[in-house]
Amino acid sequence: MENGKNAAVETVDLRKIHGEGSTAVRALDGVSLSFPAGEFAAIMGQSGSGKSTLLHILGALDKPSSGTVTVGGTELSKLSDRKLTLLRRERMGFVFQFFNLIPTLSAEENILLPALISGEKVGRHARRLDEMLELVGLSARRAHRPDELSGGEQQRVAIARALIRNPDIVLADEPTGNLDSKTGSGVLDLLKESAARYGQTIIMVTHDPRAAATADRVVFLADGRVVDETRSPKHDEILERIKTLESAG
Amino acid sequence: MSLRNLGSRPQRTLLTAVGIVLGVGIVFGVLTLSQTMSRTFTDLYSRAFGAADLVVTPAGGSGTFDADVLKEVRATKEVETAAPRLPVSASLLLPGEKVQSPPEVRSMQLFGVEPKSAALATGFELDKGRFPESGQELILDGSTAESAGLRVGERVKVATPGGSKKLRLVGLLRVPGGSFGGFGFGMAPLDYVQKQFDKKGKISGIAVEATSDGAVADLRERLERNLGEGLQTERSETRTNEINSQFQGFAIALLFFAGTALFVGAFLVFNALSMTILERTRELGMLRALGSTRGMIARSVIVEAALLGLLGSALGVIFGYGMARGLVFLFGQAFLFKITKLTISPFAIVSALVVGVLITVIAALYPALRAGRVSPVEAMRARSGAVASSGGKRRLPWLAPLLGLFLVAVGAPWIYYLAKNLSENLEGLVYASGLAGVIGTFLGVSLIIPVLVRPLAAVFSPALRLLFGIEGRMAAANATRNRGRTALTASALMVGVSLVIAFSALGGSVLGTIRSFLEDSLGGDYVVQPGETQSEVTFSNELVDRIGKAPGVERTTALASTFLNSGGKSSLVYGVDESYPDIFRVNYSPGSGTPENAFSELRNGAALIGQQLADSRNLKVGEKISLPTPEGPKKYRVAGVVDNDILGGGAGIYLSRDVLARDFDEKEGEFLAVKAKPDADRAALERDIRDILKDYPQFTLYSNAEWKAQIEGDFNRQYVFFYAIMGVSVAVSAFGVVNTLSMSVFERTREIGILRAVGATRLQVGRLIIDEGVVISLIGCLVGVVIGSLLGYLFVQGSGAGGFEVSFYYPKVPAVASIFAGLLIGVFAGLLPARSAARTNIVEAVQYE
């Protein structure tokens with residue numbers, strides 16, 4: 001585990017226990033990780049490995065039972081719900097598996113949602129909005145509502161939403177899980193390009209080796225522990241490692 | 001399993017039950033109230049006037065007749081006993097708190113009775129002591145005596161038209177229902193009452209006991225035949241039933257409110273059950289997969305609803321009992337009439353329970369069918385609340401609004417037509433059809449509201465956006481997502497609000513018209529009236545003369561009146577003196593051909609009549625109107641038609657006081673207006689009149705302004721009672737908003753999660769829900785104000801049908817208050833759902849589909 005000095009996100013001995021006593025489940029069991037700024041990291045693992053729990057805790061959506069999470073030098077456990085909300089608003093972007101757009105808002109409004117929620121003037125973001133729409137290739141469909149967009153288009157809107165305020169960290173939970181492989185790879189390219197262009201830290205949870213292969217680094221989780229990791233992985237290499245893990249598990 | 005389902009979701013069960021509890025509670029409360037009132041009054045009435053087999057009264061229903069009739073009755077075959085009576089309005093004068101302070105005045109009905117037949121004259125039973133026998137003896141009802149601190153043997157002051165007299169209390173009467181709101185009953189010897197109340201040789205009723213039960217019918221016919229046209233002989237029950245039927249209209253109006261509350265209750269059940277079904281989709285799908293048939297699943301939902309309905313209805317009856325207590329108390333406050341004992345009838349309990357369970361089961365039908373239709377596959381896949389917009393495209397989307405327009409188009413003119421033409425005596429079918437018109441209009445508007453939801457929400461949207469940012473705009477959009485549900489919720493509020501507005505319009509217009517009449521038409525400066533509102537005490541001419549002679553008084557006018565019943569129609573007959581037109585401005589109807597000197601014709605036995613009466617009976621100047629006097633019907637020439645007949649509400653009949661005294665034996669005045677000389681010293685004048693009134697403590701001097709305030713006070717007090725009932729139905733509707741918002745939160749869990757994830761604070765998501773509530777309730781209140789104004793206008797047209805127009809005063813304050821209430825209801829209804837939205841677990845909300 002390297003402890004990069006300019007780590008955008010860092011966890012120390014993170015534990016998350018669901019339930020109590022004999023029925024207690026250790027979703028995370030001492031995870032210490034560090035993600036340097038600008039890194040595109042993938043977290044892999046079977047279902048139940050704790051990868052989603054980790055992502056939620058990193059994204060300040062959930063609280064750990066013990067251990068610390070530091071985002072951009074701020075320790076999260078000390079923050080109130082309101083402070084956490086503001087942190088999410090200011091520094092983070094989220095992409096979910098189920099696109100999760102607000103059906104009553106247009107594509108454009110969905111992209112602007114974080115800014116709108118902050119009560120910022122839309123005009124301030126006009127240029128950024130155009131840029132984002134262009135980046136995700138939806139300039140022509142900006143006024144459409146989510147139910148008028150295809151799955152891939154919806155996920156692209158969600159990515160544009162995550163990027164609109166130029167957050168330090170983008171957290172993606174199975175962003176390609178509900179897409180066909182061609183659309184999925186388009187979405188991954190988009191994430192990667194954005195990380196390169198804006199210097200963002202991207203942390204993606206996935207169980208799709210092909211998706212993981214686009215990342216700079218892949219962290220493998222099993223039973224709530226980091227069991228392995230690799231840099232600039234190839235698709236075959238990832239499959240190989242998964243096999244090893246499975247036989248070990 | 002149904003039972004376990006209820007138990008496993010206590011909060012949902014509670015929310016659903018609240019709807020039923022409130023709905024059933026109101027139905028039960030209202031039924032109990034109306035039954036309590038009708039029981040109390042009929043009990044009392046039958047005690048006071050009708051314990052005997054038959055009763056002989058003037059054909060007009062009120063007034064007196066010659067006491068000699070008694071001899072004739074007694075001489076009739078098969079008459080066992082006959083007891084004369086002469087009830088008069090009197091006042092009990094109790095010593096004031098301090099020696100110098102004016103006496104406390106208690107209104108009472110004093111029966112003049114013959115000592116030997118006193119027991120039969122009324123249905124009151126003797127509790128203590130004996131019936132009055134000679135001269136100055138008196139007997140009072142027990143609770144009045146007790147509250148006044150009077151004991152048998154003591155002397156008590158009674159106010160009579162001629163001044164106050166001292167009588168000795170010789171006994172106590174037992175009155176059913178205990179205290180009658182401070183209103184007392186008493187008896188004194190007939191000849192004494194005749195003398196003191198200026199009714200020498202007169203009585204107003206004879207209670208007759210037949211020799212045997214079988215002889216009653218024959219005897220009735222014989223008396224009818226023998227006693228002539230001026231008198232009528234009825235079975236006691238007939239009179240009592242008449243009183244009872246007068247409560248029907250009141251009860252129907254109350255039940256109408258209860259009905260709306262129940263409708264909202266049903267809607268709450270529908271919503272809550274739909275929510276439960278959505279939540280259980282997965283479980284239901286599994287049951288289907290395991291081989292449950294659709295019918296089994298639908299049945300289990302219905303059984304669940306029935307259990308819930310039973311539970312809710314049972315609680316509702318308890319709640320309703322409390323409500324009835326409250327309403328009876330309010331009724332007492334409003335009409336200065338306390339009722340202590342509630343009448344709980346098995347009918348009310350059973351019907352409340354049956355209606356409650358039925359409504360719940362009916363409301364459960366659609367959710368139950370939907371539960372049955374859950375496919376096994378779909379259910380295994382779907383996550384609880386994440387449901388796509390409900391239903392898909394409707395067939396014939398224009399059908400419902402069109403039907404609504406049709407209903408309004410038929411209902412509203414029908415109300416108007418009825419109001420214009422038949423307001424004089426709304427009865428039976430006509431009354432029901434008017435009510436049907438109102439219900440039809442409401443139903444029609446409810447059907448139109450779904451179409452209005454989108455444009456109205458679009459109107460609010462920019463304002464909300466401006467005030468609350470994006471969550472305001474989203475809230476407006478959310479309100480239109482399930483238009484049917486929003487519309488139903490808003491409709492319920494609409495009904496309550498529009499009734500409030502309509503009643504305010506009616507009340508405000510009547511009050512406004514009275515006010516403007518007092519300002520424009522009353523030329524006097526002072527009014528002498530009984531100090532107690534419900535008192536019907538009268539004064540003799542001696543009082544009028546004394547006040548008329550006071551220095552500074554230019555002139556006075558005294559009014560007397562009697563109430564006539566003929567052929568199912570009632571009318572008020574006034575006796576006026578010559579100075580009446582100098583104090584009250586009298587406008588004759590243009591086009592009626594009323595001559596200039598019409599008023600002076602009254603001296604010669606002619607009559608003036610109100611415009612409405614002239615219209616409804618098609619009477620013209622110069623024709624004759626027949627009135628039932630105790631000596632038989634008499635005809636009076638119509639000398640003129642009065643346009644501004646505020647006293648009789650358009651149906652009044654004016655005779656000279658002398659004629660009223662001669663033909664109807666109504667000699668005493670009940671209302672005195674005083675005009676001061678222009679240069680009079682007002683303070684001295686008031687002091688002089690008050691000095692005179694010391695001998696008549698049952699009367700009070702009011703300046704015009706004070707009197708106006710008094711009338712308005714009475715009016716408003718009575719309206720509080722109706723507002724309270726309407727308030728309950730609005731409150732139930734507010735629960736509908738809570739319910740709909742809870743459903744919104746539940747359905748939009750995932751969206752709320754996203755909003756929180758991208759940085760919306762708890763406050764913001766809470767506001768999202770509250771704003772939606774505001775949008776819904778504002779739609780309801782706005783439409784309610786519009787419809788209420790329309791209905792109010794129609795009601796006002798109705799109350800002023802014919803000659804005397806009630807001018808329409810728009811209820812500005814209630815209208816503004818309703819809009820404001822719309823905001824408040826939205827906010828308060830949103831609080832709890834907003835809290836649960838704010839507490840949404842982001843991870844759970846976002847993660848699963």
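This passage describes a sheet in chain A, a helix and a single residue in chain B, and the contact between the two chains.

The structure is a predicted model, in which local features need pLDDT of at least 70 and side-chain atom pairs count only at pLDDT 80 or more, while totals for chains, interfaces and linings use all residues. Residues are numbered from 1 along each chain as its sequence is written, and chains are lettered from A and ligands numbered from 1 in the order in which they are written.

In chain A, an open sheet is formed by six strands in the order E6-E7-E8-E3-E9-E10, with mixed pairing; helices (H or I, at least four residues) and strands (E, at least two) are DSSP runs numbered from the N terminus, and two strands pair if DSSP finds at least two bridges between them. The edges are taken by strand E6 (92-95) and strand E10 (225-231) of chain A, each of which has a single partner strand, so one side of each is left without a neighbour in the sheet. On average, and with direction ignored, neighbouring strands of this sheet are turned by 20° against each other. Helix H1 (residues 51-58) of chain A packs on the sheet, where it touches strand E3 (40-44), strand E7 (169-173), strand E8 (201-206) and E9 of chain A, and its direction makes about 150° with that of E8(A). Contact here requires C-beta atoms, placed from the backbone, to lie within 7 Å, and axes are lines fitted to C-alpha atoms, for helices over the stretch in contact, with angles running from 0 to 180 degrees between N-to-C directions.

Strand E9 (residues 217-222) of chain A is joined to E10(A) by six bridges, and the two run antiparallel. Within this pairing A:Arg217 stands opposite A:Arg231, and A:Ala222 has A:Arg225 as its bridge partner. Two residues lie between the strands of this hairpin, in which A:Asp223 takes a positive phi near 50°.

Positive phi values also occur in two loops of chain A. A:Ala60, in the loop between H1 and strand E4 (66-71) of chain A, has a phi of about 60° although it is not a glycine, and counts as buried with 24 C-beta neighbours inside 10 Å. A residue is buried if 20 or more other C-beta atoms, placed from the backbone, lie within 10 Å of its own, exposed if 12 or fewer, and partly exposed in between. A:Asn166, in the loop between helix H5 (151-163) and E7 of chain A, has a positive phi of about 50° without being a glycine, and is partly exposed, with 13 other C-beta atoms within 10 Å.

In chain B, the twelve residues of helix H21 (residues 682-693) reach 16 Å from the first C-alpha to the last, close to the 16 Å expected at 1.5 Å a residue, the expected span being 1.5 Å times one less than the number of residues. B:Leu685, B:Ile689 and B:Leu693 are the buried residues of H21(B); seen down the helix axis, they fall within an arc of 75°, so they line one face, the arc being that of the directions from the axis to the C-beta atoms. The face turned away from this buried side carries the exposed residues B:Ala683, B:Ala684, B:Arg687, B:Arg690 and B:Asp691. Elsewhere in chain B, B:Ser46 belongs to helix H2 (residues 10-49) and is 8.4 Å from B:Thr122, C-alpha to C-alpha, although 76 residues separate them in sequence.

The contact between the chains takes 21 residues from chain B and 23 residues from chain A.
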